[in-house]
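Thanks for coming. I will go through one protein model today, starting with a term and then moving from single residues to the sheet and the core. Please have the sequence and the structure open.

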Amino acid sequence: MTTHESDARDGRDVRRRKFLAAAGAVGVAGVAGCTGSDDQDGSDGGDGGPAIGQIGSGRAGRDAPGGTPMAEMPALEGELTVYSGRGEFLVGDLVGYIDDLYDDLDLTVRYNSSTDHVNAIINEGEGSPADVFYSVNAGSLGALADAGRTQALPDDVTGKVRGEFHTGQWVGTSGRARTVPYNTESVSEDGLPDDIMAYPDEFEGDLGWAPSYGSAQAFVTAMRLLEGEEATREWLEAMVERGAATYPDEFRACQEIADGEIDAAFTNHYYIQRVLDGNPEAPIATSFTQGDAGAVFNVAGAAVVDTASNADLAANFVRHLLSAEAQDYFARSTFEYPLIPEVEPIGDLPTIDELDVPDIDLSELSNLEPTIDLMRDAGVQI
């Protein structure tokens, strides 16, 4: 190894240590008030503000992440344009770290909603400058692939995650589980149904939800696909009839649980973690249903666009999102589930393998229009 190569590697190691230290030291200032459409990464906290904090108890004594470090991945060299449907306040630190790691990388990142990026790439046609599409959900990735605007990823990239979290055209990079958060002072976990369809009629406490929120609508879409339209309509009508409290987003629903205003709700798992991050003593915990729409596991992920000027460079950028550093970042900085088995989630959560998730094509969860029509027909205010 030459002196120059050694200096470069030393520089990378220093930046890596700084990045990992910074990720663990970010505060919680960005949590409150971070809301928005799921399509704009609202499921991850919204469309503005500083980076999300981490759970202190989850960081203390945490081992170095497993998996493949970026230093062992192909260097990124050349011009690369990423269309990111994930908010800059969530993934900007990670993307910036990758950019700083390689002096010969000229990286441009455009932030917008995932749907807007899909539409832009399709409308831009063969002249699209996009090399990589980084999406908040599998539905948008599937939509771009169905439009014929992606190209195959290398098997050694997609093979880093479980089969249900990738196709030949896109790969999941982090995940989120549907859960039932509940107030531990008013509800016993033994008293919670393990069937999502039972909640409107059998749960005796006060329920809340966020039906206008993208995650909730994707959840109802999963119910429609798994249980059928009529059973879903009856579930929705029962939620309306029992007077379930309505909130603008799922983080707010979890806050209301912690404050004792309601007893349980339906949300993505990391909103519970964010409440606990701000107040570790908050009386809120996580329950999971079994194999139904209430247990859907969705992913954020990435694809190489068919117009990529350097497909190898684009695929290697996607590879970096599955690196040890990136996966640990998702666990500690966005409270998501890492998708490579060598990195564990933060908090008192089951592993992905321990979750009882339904068998569903995640790309179908983007078909919200029939769901919204059904919700309105059932009397849900959205």
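When I say that two residues touch, or are in contact, I mean that they have heavy atoms within 4.5 Å. Keep in mind throughout that this is a predicted model.

With that cut-off, take Gln217. Leaving out residues up to four places away in sequence, Gln217 touches Pro211, Ser212, Leu368, Thr371, Ile372, Met375 and Ile382. Gln217 sits in helix α8, residues 214-227. Its relative accessibility is 8%, so it counts as buried, since buried means under 20% relative accessible area.

Now the overall numbers. The protein has 382 residues, and 56% of them are buried. There are 14 helices and 12 strands. Among contacts with a separation of 6 or more, 80% are between residues 24 or more positions apart. The exposed area is about 15,200 Å², and carbon and sulfur atoms supply 41% of that.

Next, the strands. Which strand does β1 pair with over seven bridges? That is β2, residues 105-111, and the pairing is parallel. β1 itself covers residues 78-84, and it also pairs with β3 in the parallel sense, over three bridges. Ser84 has a bridge partner in each of these neighbours: Tyr111 in β2 and Tyr134 in β3. Five of the seven residues of β1 are buried, so the strand is largely enclosed by the rest of the structure.

β3 has a second partner. Four bridges join β3 to β11, and these two run antiparallel. Here Tyr134 stands opposite Ala302 of β11. So what covers the two sides of a strand like this? As background, in a regular strand the side chains alternate between the two faces of the sheet. In β3, residues 132-135, Val132 and Tyr134 are on one side, Phe133 and Ser135 are on the other, and all four are buried. Both faces of β3 are therefore covered, because the residues on each side are buried.

Tyr134 comes up again from the point of view of Thr173. Thr173 is in strand β5, residues 170-183. Its relative accessible area is 0%, so Thr173 is buried. Beyond four places in sequence, Thr173 touches Tyr134, Ala300, Gly301, Ala302, Leu321, Leu322, Gln327, Phe330 and Leu339. Tyr134 and Ala302, the pair standing opposite each other, are both on that list.

On to the nonpolar core. The largest one has 86 residues, and the members that touch the most other members are Leu80, Leu236, Phe266, Phe297 and Phe317. Helix α3, residues 88-101, gives the largest share of this core, with eight residues. The core also takes at least three residues from each of two domains: domain 1, which is 70-175 + 297-352, and domain 2, which is 176-295 + 367-378. Looking at Phe317 in particular, and skipping neighbours within four places in sequence, its contacts are Leu76, Leu80, Val82, Ile98, Leu107 and Val132. A separate core of 18 residues lies apart from the large one, and includes Ile257, Ile262, Tyr270 and Val275.

Three loop residues to finish.

Asn310 is in the loop between β11, 297-305, and α12, 311-320. Its relative accessible area is 33%, so Asn310 is partly exposed. A polar atom of the Asn310 side chain lies 3.3 Å from the backbone nitrogen of Asp312. For the backbone nitrogen of Leu313, the distance to a polar atom of that side chain is 3.0 Å. Asn310 and Glu79 are 231 residues apart in sequence, with their C-alpha atoms 8.3 Å apart.

Glu261 is in the loop between α10, 250-258, and β8, 264-265. Outside its neighbours within four places in sequence, Glu261 is in contact with Asp206 and Glu256. Asp206 is 55 residues away along the chain, and the C-alpha separation is 8.2 Å.

Last, Phe335, in the loop between α13, 324-333, and β12, 337-338. Which residue property makes its phi worth listing? Phi is near 65°, a positive value, and Phe335 is a residue other than glycine. Is Phe335 buried or exposed? Its relative accessibility is 2%, so it counts as buried.

Technical notes:
Residues numbered from 1 in each chain as written. Predicted model: local features only at pLDDT ≥ 70, side-chain atom pairs only at ≥ 80, totals over all residues. Heavy atoms only, no water. Core = buried A, V, L, I, M, F, W, Y, C linked by side-chain atoms within 4.5 Å. Buried < 20%, exposed > 50% of the residue type's maximum accessible area, 1.4 Å probe, protein only. Domains from an automatic or database assignment. Polar contact = N/O pair within 3.5 Å; in protein donor to acceptor, adjacent residues only side chain to side chain. Pairing = 2+ DSSP bridges. Areas by Shrake-Rupley, 256 points an atom, 1.4 Å probe, with all protein chains shown as cover.
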